[in-house]
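Visitor: I have a structure open in front of me and would like to learn how to read it. Could you walk me through some of its features?

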Amino acid sequence: MTDSKYFTTTKKGEIFELKAELNSDKKEKKKEAVKKVIASMTVGKDVSALFPDVVNCMQTDNLELKKLVYLYLMNYAKSQPDMAIMAVNTFVKDCEDPNPLIRALAVRTMGCIRVDKITEYLCEPLRKCLKDEDPYVRKTAAVCVAKLHDINAQLVEDQGFLDTLKDLISDSNPMVVANAVAALSEIAESHPSSNLLDLNPQSINKLLTALNECTEWGQIFILDCLANYMPKDDREAQSICERVTPRLSHANSAVVLSAVKVLMKFMEMLSKDLDYYGTLLKKLAPPLVTLLSAEPELQYVALRNINLIVQKRPEILKHEMKVFFVKYNDPIYVKLEKLDIMIRLASQANIAQVLAELKEYATEVDVDFVRKAVRAIGRCAIKVEQSAERCVSTLLDLIQTKVNYVVQEAIVVIKDIFRKYPNKYESVIATLCENLDSLDEPEARAAMIWIVGEYAERIDNADELLESFLEGFHDESTQVQLQLLTAIVKLFLKKPTETQELVQQVLSLATQDSDNPDLRDRGYIYWRLLSTDPVAAKEVVLAEKPLISEETDLIEPTLLDELICYIGTLASVYHKPPSAFVEGGRGVVHKSLPPRTASSESAESPETAPTGAPPGEQPDVIPAQGDLLGDLLNLDLGPPVSGPPLATSSVQMGAVDLLGGGLDSLIGGTNFVAPPTAAVPANLGAPIGSGLSDLFDLTSGVGTLSGSYVAPKAVWLPAMKAKGLEISGTFTRQVGSISMDLQLTNKALQVMTDFAIQFNRNSFGLAPAAPLQVHAPLSPNQTVEISLPLSTVGSVMKMEPLNNLQVGSGQGRHPSPYSPTSRAPLGSVEGRVYRQMFLATWKDIPNENEAQFQIRDCPLNAEAASSKLQSSNIFTVAKRNVEGQDMLYQSLKLTNGIWVLAELRIQPGNPSCTVRLSLKCRAPEVSQHVYQAYETILKN
Amino acid sequence: MSASAVFILDVKGKPLISRNYKGDVAMSKIEHFMPLLVQREEEGALAPLLSHGQVHFLWIKHSNLYLVATTSKNANASLVYSFLYKTIEVFCEYFKELEEESIRDNFVIVYELLDELMDFGFPQTTDSKILQEYITQQSNKLETGKSRVPPTVTNAVSWRSEGIKYKKNEVFIDVIESVNLLVNANGSVLLSEIVGTIKLKVFLSGMPELRLGLNDRVLFELTGLSGSKNKSVELEDVKFHQCVRLSRFDNDRTISFIPPDGDFELMSYRLSTQVKPLIWIESVIEKFSHSRVEIMVKAKGQFKKQSVANGVEISVPVPSDADSPRFKTSVGSAKYVPEKNVVIWSIKSFPGGKEYLMRAHFGLPSVEKEEVEGRPPIGVKFEIPYFTVSGIQVRYMKIIEKSGYQALPWVRYITQSGDYQLRTS
């Protein structure tokens with residue numbers, strides 16, 4: 001006999017009948033009735049009307065019946081809070097039942113009834129159950145604390161349950177320990193500030209002991225908890241790793257992944273020279289490979305995580321390429337992930353095999369998979385130079401198949417190959433041109449147009465080809481239109497005689513007949529550029545392009561480090577930080593990898609270590625800047641640009657050339673200063689640069705005015721923090737370049753040598769332009785002064801706060817980090833914004849990006865303010881008088897390429913001398929800093 | 001940390017039964033699951049993790065059911081999938097087969113199990129043998145005193161109950177090695193690995209302590225046993241049942257454990273040492289458009305002459321529009337399976353060193369169909385008893401119980417095909 005019969009009663013008076021049955025004297029009938037009620041509940045019928053009758057059945061000695069009534073309660077208590085009180089007595093009684101199963105059942109169910117009124121009655125029973133003699137009850141009670149905390153956190157704290165829970169971590173029973181850890185972790189996650197999981201070497205030891213004894217799930221709770229611990233030095237990290245590694249042999253994939261998380265995290269603290277480090281690397285590979293024989297869903301999670309691990313520590317799996325080869329019956333999501341990892345692992349050693357596989361995949365039937373495979377071939381070409389030729393010929397073979405989407409995908413990647421290896425494979429252009437007609441996807445069309453424009457001089461009929469695209473100009477997507485515009489301008493610059501008509505046509509299409517502001521703007525700029533200064537136009541449009549990076553789709557290093565801390569979780573599957581998909585700020589703590597320390601030094605500089613991985617080991621990835629100027633150089637198609645100094649500088653300089661030459665100093669570069677201020681613990685309250693006037697360079701690149709303000713040197717790194725090396729310094733500016741003046745003093749007893757300096761990435765791209773050169777060893781008590789030239793073309797990363805700069809310098813291998821506290825007077829290019837451009841840009845920037853400020857007690861008139869600001873490279877574009885107020889329209893450019901437009905409103909004769917300032921910028925974060933700079937300059 | 005609620009849905013996405021563990025995700029959100037799944041499938045972007053707004057669905061499919069866990073936190077995804085599979089395992093042990101019907105027929109016990117398997121999103125006891133001791137299909141009467149918590153639930157040894165008795169104490173050890181092989185169309189081996197498992201069938205009284213000795217190379221090196229005399233095997237990645245003391249293995253490679261009662265998988269291992277493919281296939285598939293397909297398959301047994309492969313099945317792909325099959329085989333029989341678009345050539349007994357041939361001929365319609373077909377690989381199934389490819393051996397199984405009984409271990413070796421694929425051109 002099965003339970004399905006309970007689902008069949010659908011008579012009219014059902015509820016009424018059930019009511020009668022529930023109140024029957026016969027136990028058997030009662031039970032049958034409750035089952036019918038539960039069955040109705042299961043199929044979604046509302047049986048809440050039976051609440052009192054069902055609750056009446058609660059006092060029974062039949063365990064099955066009791067469970068059913070409890071189940072009913074959990075479902076309906078919330079809708080009948082007043083009646084739920086009726087159940088309290090039975091709960092309290094059941095918590096004292098001689099049978100531990102009943103006690104546990106009661107305490108478990110109680111926590112699931114989320115009715116405020118009830119919760120307070122539950123405290124006493126819960127307290128008893130937490131101290132129950134039976135571990136089964138205790139482990140259930142431990143979880144109940146987390147439930148109660150979720151309903152009423154204050155109550156749990158007031159009742160002291162958290163302390164009891166903490167005590168349970170020392171319980172003799174491993175299952176109780178595991179559940180207590182789980183409950184505490186859960187509570188701590190929603191209350192990040194509470195120092196609940198007060199982990200210390202003693203409690204860690206207890207957890208590691210329990211790890212050997214509890215169930216697979218308990219092991220996961222403990223491992224996940226361990227991953228939040230920060231060992232005090234590398235020795236402790238190693239000893240934890242040693243005790244966690246056996247978990248890699250667990251049959252449960254989730255245990256393995258949680259163990260991998262702990263190891264990947266703590267490994268960060270181990271020195272690479274350590275033998276143990278190598279051993280650990282070797283131990284990690286086999287279990288990761290074995291995860292690929294798990295169920296497909298677990299394989300998927302594993303692959304997404306391996307993707308992260310391969311980026312963080314490529315050495316672990318570099319010899320395991322073959323296991324990522326795609327099998328015919330793999331689900332598509334597994335296939336795509338494997339392909340991604342194959343590309344990341346591709347190297348000169350295995351490229352032949354990889355290419356053979358990719359070629360095989362490119363002839364499969366699944367369209368998405370085939371596309372990705374073709375793209376992968378292109379990425380291999382870019383990544384492994386030696387294979388480029390073979391890749392190109394493979395791509396040509398694929399183009400010969402004439403399969404539409406294969407051809408289009410191939411053309412898109414060939415464009416990137418051209419970018420990476422200029423003047424090498426242009427012989428294939430003819431083949432590409434044959435396929436012009438079959439291209440119907442915007443990306444492929446745009447790529448093809450780019451190729452035609454770029455190599456216009458080698459393609460005899462380039463003008464015809466481009467003209468053919470021009471016919472349906474307005475039906476094309478923006479991407480294609482922009483590309484077509486640029487390509488025709490390139491063609492014109494290369495073959496001016498034959499193509500004048502064509503360029504006229506495209507310019508008028510772009511400027512007159514288009515609604516798209518991007519397209520119009522680009523059209524106007526080209527038009528004016530061409531009409532005023534063709535030579536400059538050539539320099540701009542045909543400028544040498546920055547190299548494209550070898551790796552694409554790399555995860556930004558700080559995010560990668562964060563994701564490593566989340567191995568196995570949703571974040572690691574999405575490749576997004578939890579804050580991106582978990583609601584609200586609650587429960588989201590940013591995690592970061594522990595700093596690498598050596599135990600000998602850790603005692604001296606425990607808290608000054610930089611967060612994140614040591615700089616210099618990470619591949620450089622420039623975050624997308626949404627840079628309108630880069631766009632003009634038709635970089636919009638390319639993958640992320642690599643090689644920070646070269647790439648960034650050429651983008652910026654190119655852009656300035658374009659504007660400077662063609663549009664009569666369209667946008668002037670103002671010199672803005674990145675003021676690196678106190679932001680890291682290393683700043684020991686040293687005085688923050690005197691005054692803010694040094695924010696802006698007062699000499700300016702042209703050298704018009706003198707009096708560049710230089711802050712006095714401040715001690716940035718006290719000797720006690722850096723083994724006797726004291727560093728003080730300030731920032732100065734000498735004719736267009738910025739320097740950091742350092743004074744190094746040896747306060748130790750030994751001679752110091754091998755000085756080095758490193759800048760962490762910062763908001764303003766500040767980086768040393770030359771290595772730190774200290775020619776002679778520094779003897780004790782000797783002081784040396786150095787001027788370190790800086791450049792602003794380092795890689796840019798937004799810091800919080802914006803003006804945060806972290807620098808590490810010192811001797812030998814262990815840099816001592818510090819934050820310079822003086823303001824750095826940095827600045828860059830000359831120029832100003834053209835009036836119309838100002839207006840257009842002002843309108844173009846959305847209103848929500850506008851910030852308004854008031855500067856009080858500023859008795860300056862418009863002229864004085866203007867000249868004062870001008871000396872700090874804030875240029876006045878226009879001046880107007882509106883209703884007795886002087887309006888100054890001004891522009892400035894930060895060294896990291898951000899433009900800021902300003903409107904300054906000065907009311908002459910206003911007794912309060914208040915000046916109103918409105919700032920508009922595409923990156924509104926900087927507004928506050930610009931405002932501070934204004935205030936300082938105007939008041940100085 | 002993990003699931004907020006767990007749902008069992010029928011094939012159309014209608015909830016059959018569900019359990020709300022945390023209450024932080026509205027139960028009605030499950031309505032979005034099926035439309036989302038269908039949509040993503042159409043887009044070709046189906047993944048085991050779907051999200052709708054703030055709700056994330058982690059799902060697996062089993063026969064005609066979907067098991068879905070919801071969460072709105074950064075849950076431990078591997079734990080959730082692992083738990084869902086474990087849940088299926090438990091239900092299967094209880095109901096033999098898990099499908100829509102069995103959920104309906106046993107909804108009371110399903111509720112009970114869901115209550116016991118997980119609490120507030122934390123998986124609890126998932127060992128079906130232990131669960132069966134206190135959650136039974138017969139309704140429990142308290143007065144019988146039977147439904148006490150088995151101490152096993154919270155013991156360090158949570159997988160074996162005390163007081164088990166057998167007249168005859170025996171252990172059966174099965175060493176099963178599966179060969180995974182991937183060969184590309186021009187005949188070069190891309191991937192060849194051995195995945196071995198050691199399964200135990202334990203009929204032992206009391207709380208026995210077992211120690212298993214293998215010819216493990218690392219162990220031999222540790223104990224100085226390595227030499228020309230003792231052949232040893234290098235196990236690349238070993239995974240153990242939770243009963244095995246992992247830290248002990250990590251220390252001195254000793255496999256020691258108190259086993260669960262009855263059947264279980266003690267360990268698995270992997271070796272990526274390349275071995276000669278046991279059954280080698282050469283094939284020529286010639287397709288003459290609009291008229292016919294001709295297939296020639298040659299199979300060769302590349303293992304010791306004394307061994308015999310049993311139940312060999314070679315499945316060869318044919319176009320889906322093929323018709324009128326004709327076969328010729330030197331041994332065994334061939335059969336066309338149109339629903340899978342393959343020819344299956346079965347050979348009951350295939351001795352080592354032998355070579356056999358099969359020819360097949362199919363007609364093709366004169367009108368070619370539009371869609372392009374993939375090129376599925378040739379698959380091979382076989383089983384070779386009394387033989388392990390890796391050469392792994394059980395050297396001893398020591399059984400110690402405080403009552404001091406004598407117990408007999410029995411060992412059996414089998415090598416079989418795993419994921420054995422040869423791509424066709």
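**Two packed helices**

Guide: Let us start with a helix pair: helix H18 (residues 296-312) of chain A packs against helix H19 (residues 332-345) of chain A at an angle of about 20°, and their axes are 10 Å apart. Please keep in mind that this is a predicted model.

Visitor: Why do you give me both an angle and a distance?

Guide: Because two packed helices are described by the angle between their axes together with the distance between those axes.

Visitor: Are H18(A) and H19(A) roughly parallel or roughly antiparallel to each other?

Guide: Angles under 35 degrees count as roughly parallel, and H18(A) and H19(A) are therefore roughly parallel to each other. Their crossing is left-handed. On the H18(A) side the contact includes Tyr300(A), Leu303(A), Ile306(A) and Val310(A). H19(A) contributes residues including Val334(A), Lys338(A), Ile341(A) and Leu345(A).

**Cores and buried residues**

Visitor: Which residues have the most contacts inside the largest nonpolar core?

Guide: They are Tyr72(A), Leu317(A), Phe324(A) and Phe418(A), in a core of 290 residues. H2(B) gives the most to this core, with 12 residues. Phe324(A) takes us back to our helix pair: leaving aside neighbours within four places in sequence, its contacts include Leu303(A), Ile306(A), Lys338(A), Ile341(A) and Leu345(A). Apart from this core lies another, of 73 residues, among them Val179(B), Trp345(B), Tyr405(B) and Leu422(B).

Visitor: How many residues of helix H14 (residues 216-226) of chain A are buried?

Guide: For H14(A) the count is 11 of the 11 residues, so this helix is largely enclosed by the rest of the structure. The buried residues include Glu216(A) and Asp224(A) as well as Trp217(A), Ile220(A) and Phe221(A).

Visitor: What covers the buried residues of H14(A)?

Guide: The cover includes helix H12 (174-190), helix H13 (201-211), helix H15 (234-244) and helix H16 (253-267) of chain A. Helix H2 (77-95) and strand E7 (122-123) of chain B also take part.

Visitor: And how do I read burial for a single residue?

Guide: Look at the relative accessible area, where under 20% means buried. Val407(A), in helix H23 (residues 404-420) of chain A, is buried at 1%. Beyond residues up to four places away in sequence, Val407(A) touches Ile399(A), Lys402(A), Asn435(A), Ser438(A) and Leu439(A). Val407(A) and Asn435(A) are 28 residues apart in sequence, with 7.7 Å from C-alpha to C-alpha.

Visitor: Is Glu903(A) buried or exposed?

Guide: Glu903(A) is buried, with a relative accessible area of 13%. This residue is found in strand E12 (residues 899-906) of chain A. Not counting neighbours within four places in sequence, the contacts of Glu903(A) include Trp842(A), Tyr889(A) and Arg916(A).

**Strands, hairpins and a sheet**

Visitor: How do strands of a sheet pair?

Guide: They pair through backbone hydrogen bonds, either parallel or antiparallel. Try strand E4 (residues 55-62) of chain B, where 6 of the 8 residues are buried. Strand E3 (residues 49-52) of chain B is joined to E4(B) by 4 bridges and runs antiparallel. 7 bridges join E4(B) to strand E5 (residues 65-71) of chain B, also antiparallel. Phe57(B) is a handy marker: this residue is the bridge partner of Leu50(B) and stands opposite Thr70(B) in E5(B).

Visitor: Which residue takes a positive phi in the hairpin of E3(B) and E4(B)?

Guide: Gly53(B) does, near 60°, in a hairpin with 2 residues between the strands. In the hairpin of E4(B) and E5(B), which also has 2 residues between the strands, Ser63(B) has a positive phi of about 40°.

Visitor: What is the strand order in the open sheet of 9 strands?

Guide: The order is E11-E13-E9-E8-E23-E21-E16-E19-E18 (chain B), with mixed pairing. Strand E11 (237-240) and strand E18 (333-337) of chain B are the edge strands, each pairing on one side only. Neighbouring strands here are turned by 15° against each other on average, direction ignored. At one edge, E11(B) is joined by 4 bridges to strand E13 (residues 262-271) of chain B, running antiparallel. There, Phe240(B) stands opposite Met267(B).

Visitor: Which helix packs on the sheet, touching E11 and E13 of chain B?

Guide: Helix H17 (residues 275-290) of chain A does, and its direction makes about 65° with that of E11(B).

Methods: Residues are numbered from 1 along each chain as its sequence is written. Chains are lettered from A and ligands numbered from 1 in the order in which they are written. This is a predicted model: local features need pLDDT of at least 70, side-chain atom pairs count only at pLDDT 80 or more; totals for chains, interfaces and linings use all residues. Side-chain values use heavy atoms; hydrogens and water are left out. Two strands pair if DSSP finds at least two bridges between them. Axes are lines fitted to C-alpha atoms, for helices over the stretch in contact, and angles run from 0 to 180 degrees between N-to-C directions. Contact means heavy atoms within 4.5 Å. Buried means under 20% relative accessible area, exposed over 50%, partly exposed in between (1.4 Å probe, protein chains only). A nonpolar core is a set of buried Ala, Val, Leu, Ile, Met, Phe, Trp, Tyr and Cys residues joined through side-chain atoms within 4.5 Å. Angles under 35 degrees count as roughly parallel, over 145 as roughly antiparallel, 65 to 115 as roughly perpendicular and the rest as oblique. A crossing is left-handed if the near helix is turned anticlockwise from the far one by less than a right angle, and right-handed if clockwise.
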